[in-house]
Amino acid sequence: MTEPQDKSPLVVVDGATKTFVTGRLEVQALRGLSLEIHEGDFLALVGPSGSGKTTLLNLIGALDRPTSGVVEVLGHDLSKLNKGQRAKLRLDELGFVFQAYNLVPVLTAAENVEFVLELQGVDAKARRKRALEVLAELGLAELADRRPNELSGGQQQRVAVARAIAARPKLVLADEPTANLDSENAEQLMALMRRLHEEHEVTFVFSTHDPRVVAHATRVVTLVDGQVDSDVQKEREAA
Amino acid sequence: MTGSVSSRYALRSLRRNLGRSLISTLGVGFGVGIGLLALSWMRGEHTMSINAAAGGGVGHLRVTPDGWDERRDDDLRLDDWEPLLERVRATEGVAVATPRNRVAGLLGLGTRSEHVDLTGVDPTTEPRALRYVRDVAHGRYLEPGERGAIVLGSKPARRLGAELGDELVVTALDEQGEMSSMLLVVVGIVETGSDDIDATIAHVALADVEQLSGRPGAGEITILADDVYALDALEARLRPLVPPGADLLTWLQVSPELRMGLEADGAFFDMAVVIILLVVLLGVTSAQLTGVLERRKEFAVLAAIGMRGVSLVKVVLVEGMVLGLTAAVSALAWAAPLSWKLNVDGVNLAALMNGEDDSGMAFGGLLIDPIFHPGFGAWMIPYAFLLALIATITASLYPAWFASRTDPAQALRVDR
């Protein structure tokens, strides 16, 4: 089902398996899954619960390592990277948007965005400037000094997106980014991610159950029982 | 890290659970305060001991013949002691240097006799080195150049039934083992308030002991310093003056009873402080660990966005340091005023003296002031911060390590 791609792959997953062991119980979350993700993809991972979407995102995001098989992210074979090297890869090259926003509650919106830049070693003045710039781009300039509990769910998720893109990552991974949002905010968030994808050529990979979210994707990969069931390039529906 | 987002995160995390942070601070503050009071007590005891030693004849430093420290043999004498005494007296920082020699003798009056250790002294300098003979209760002290006179403590005088003007016969063994004797007139009777101390006082002229023992010269030169806090420097200046065949001892070496007493008390206080700090430390570790566990999701997110384990460790350690700094302030806030009050008013140890009255407590042959003054001073500030920071940073190590081990994937998975 995968159509030929002429863009270089950012991510190569080849025969990846992932087994979780809980006591005597072994759960195979991925079963020899293979997939390539290319620069410029706006890819939706869909599938029923337990199909392996989050596990695959964790692997692509260098948060975890496969039990067997190969996962290469931006040319790095994850099985050869230690914990610190994987942290550096995430910091420098990847952005994350979580279902529950996961902003640091004691920091303001701007500080949440700044945090990533500080970890990268960007000096205080430059990181503050960049954080405000990104927040302004996402329509959050007025809310820069508010803490997460002073923001709506939609605003928090936009701050989370700002945090994810502040360091100009090559790839942004979003796990069910609209699951906690109402339909209006979900639509606004997808439009925002789509704009960032088009204007800044950021590659997005997101897992979702929501057909309205899938409508924004240019590529839809369906997982069933830890394997790729279908991989379809599609025309994006009008925003 | 001041001003950085991560330090703001650490500080605000402490403020987020203000109750727990305050309890941790007060817990460490209490433990450190106890530690400060123990240190204050030990310093007071050290000062009391050094003062007792200084005024009780032990001196701050003492020149003795080689081997005296091991054998405690009062028959030993210093070679060429007079030029040495002059050199010592001329040394900067020496308040007084007084020579002594000793011989064991039997005092007799009528049908009564009493064994005493006769001490030969220089009457000019001895009262400056031994406060018990500054004020003689009955009669007077020895005069320079005076021979055939004795100043007795009240206990041997009482046992002999001696009064001022009585002539006592003293008998001793000389160097050859021959009996030698001499008549001594009682010119003074000393009452220190302690029978134990009074029993040690039987002062005669140096020359009388030389005659009785058949051993010429002094057996020791006892030295008092101008500044007790500069003893090390004075010791360093005096040591080159000490000739071969002689040794320079500190007051702790001269008085092993005091040293052992201080060491025993020090060990007790150290153990008490360690136990208290250990309890406090475990409490803070528990509180810090709870704080880390509560923020497991946050740490997982921070790890996911690329924060390395070492940075997470720093965050938890900064929290520990802030707790330590505030705990040090809280420790000083209650322990310093209490310590000051005890220092100024003193603590009356008379109740601990077992039959002694309020005028003094004998220990190791020394009269100790029953009003004890625990130490107090600016030294408490660095100690408070040092103890508090050691406690809180140590207490933060395990929680910090635990935080650094956060597996972002697992934490997020559990959270879902």
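**View 1. A:L94 stands opposite A:L171 in β7(A).** This close-up comes from a predicted model. The two strands here are β6(A) and β7(A), the latter spanning residues 171-175. They pair in the parallel sense. Four bridges hold the register between β6(A) and β7(A). Side chains alternate along β6(A): A:L94 and A:F96 point one way, A:G95 and A:V97 the other. Buried or exposed, these four residues of β6(A)? All are buried. In general, strands of a sheet pair through backbone hydrogen bonds, either parallel or antiparallel.

**View 2. Six strands of chain A form an open sheet with mixed pairing.** The order is β6-β7-β8-β3-β9-β10. Which strands stand at the edges? They are β6 (94-97) and β10 (227-233) of chain A. Each has a single partner strand, so one side of each is left without a neighbour in the sheet. From one strand to the next, the twist averages 15°.

**View 3. Inside that sheet, β3(A) runs parallel to β8(A).** Strand β3 covers residues 42-46 of chain A, and β8 covers residues 203-207 of chain A. Four bridges join the two. One residue pair fixes the register: A:F42 has A:F204 as its bridge partner in β8(A).

**View 4. A second open sheet of chain A has four strands and antiparallel pairing.** Its order is β2-β1-β4-β5. The edges belong to β2 (25-38) and β5 (76-77) of chain A. Why is one side of each left without a neighbour in the sheet? Each edge strand has a single partner, so nothing in the sheet flanks its other side. Strand β1 (residues 9-22) of chain A is joined to β4(A) by five bridges, and the two run antiparallel. Across this pairing, A:D14 stands opposite A:V70 in β4(A). Helix α1(A) packs on the sheet and touches β1, β2 and β4 of chain A. The direction of α1(A) makes about 120° with that of β1(A).

**View 5. A:A62 has a positive phi of about 60° although it is not a glycine.** Most residues other than glycine have a negative phi, and most peptide bonds are trans. Where is A:A62 found? Its place is the loop between α1 (53-60) and β4 (68-73) of chain A. A:A62 counts as buried because 28 C-beta neighbours lie inside 10 Å.

**View 6. A:N102 is another non-glycine residue with a positive phi, about 55°.** A:N102 lies in the loop between β6 and α3 of chain A. There are 25 other C-beta atoms within 10 Å of A:N102, so this residue is buried.

**View 7. Chain A meets chain B through 21 residues of chain A and 20 residues of chain B.** On the side of chain A that touches chain B, the elements giving two or more residues are α2 (83-93) and α3 (109-119) of chain A. Which element supplies the largest share of that side? It is α3(A), with six residues. By class, the residues on the chain A side divide into twelve nonpolar, three polar and six charged.

**View 8. Helices α11(B) and α14(B) cross at roughly 35°.** Helix α11 covers residues 256-294 of chain B, and helix α14 covers residues 380-404 of chain B. Their axes come within 8 Å. The crossing is right-handed. From α11(B), the contact residues include B:L277, B:L281, B:V284 and B:L289. Among those they meet in α14(B) are B:A391, B:A395, B:Y398 and B:F402. How many nonpolar, polar and charged residues does the contact of α11(B) with α14(B) have? It has twelve nonpolar, five polar and no charged residues.

**View 9. B:I201 sits in the loop between α7 (195-198) and β8 (202-205) of chain B.** B:I201 counts as buried because it has 27 C-beta neighbours inside 10 Å. Leaving aside residues up to four places away in sequence, B:I201 touches B:Y132, B:V151, B:L152, B:G153 and B:V190. B:T119 is 82 residues away from B:I201 along the chain, yet their C-alpha atoms are separated by 7.7 Å.

**View 10. The domain assignment splits chain B into two domains.** Domain 1 is 5-54 + 259-415, and domain 2 is 59-253. The C-alpha centres of domain 1 and domain 2 of chain B lie 47 Å apart.

Key
Residues numbered from 1 in each chain as written. Chains lettered and ligands numbered in written order. Predicted model: local features only at pLDDT ≥ 70, side-chain atom pairs only at ≥ 80, totals over all residues. Pairing = 2+ DSSP bridges. Axes fitted to C-alpha atoms, helices over the stretch in contact; angles between N-to-C directions. Buried ≥ 20, exposed ≤ 12 C-beta atoms within 10 Å, placed from the backbone. Domains from an automatic or database assignment. Contact = placed C-beta atoms within 7 Å. Nonpolar A, V, L, I, M, F, W, Y, C, P; charged D, E, K, R; others polar. Left-handed = near helix turned anticlockwise from the far one by under 90°.
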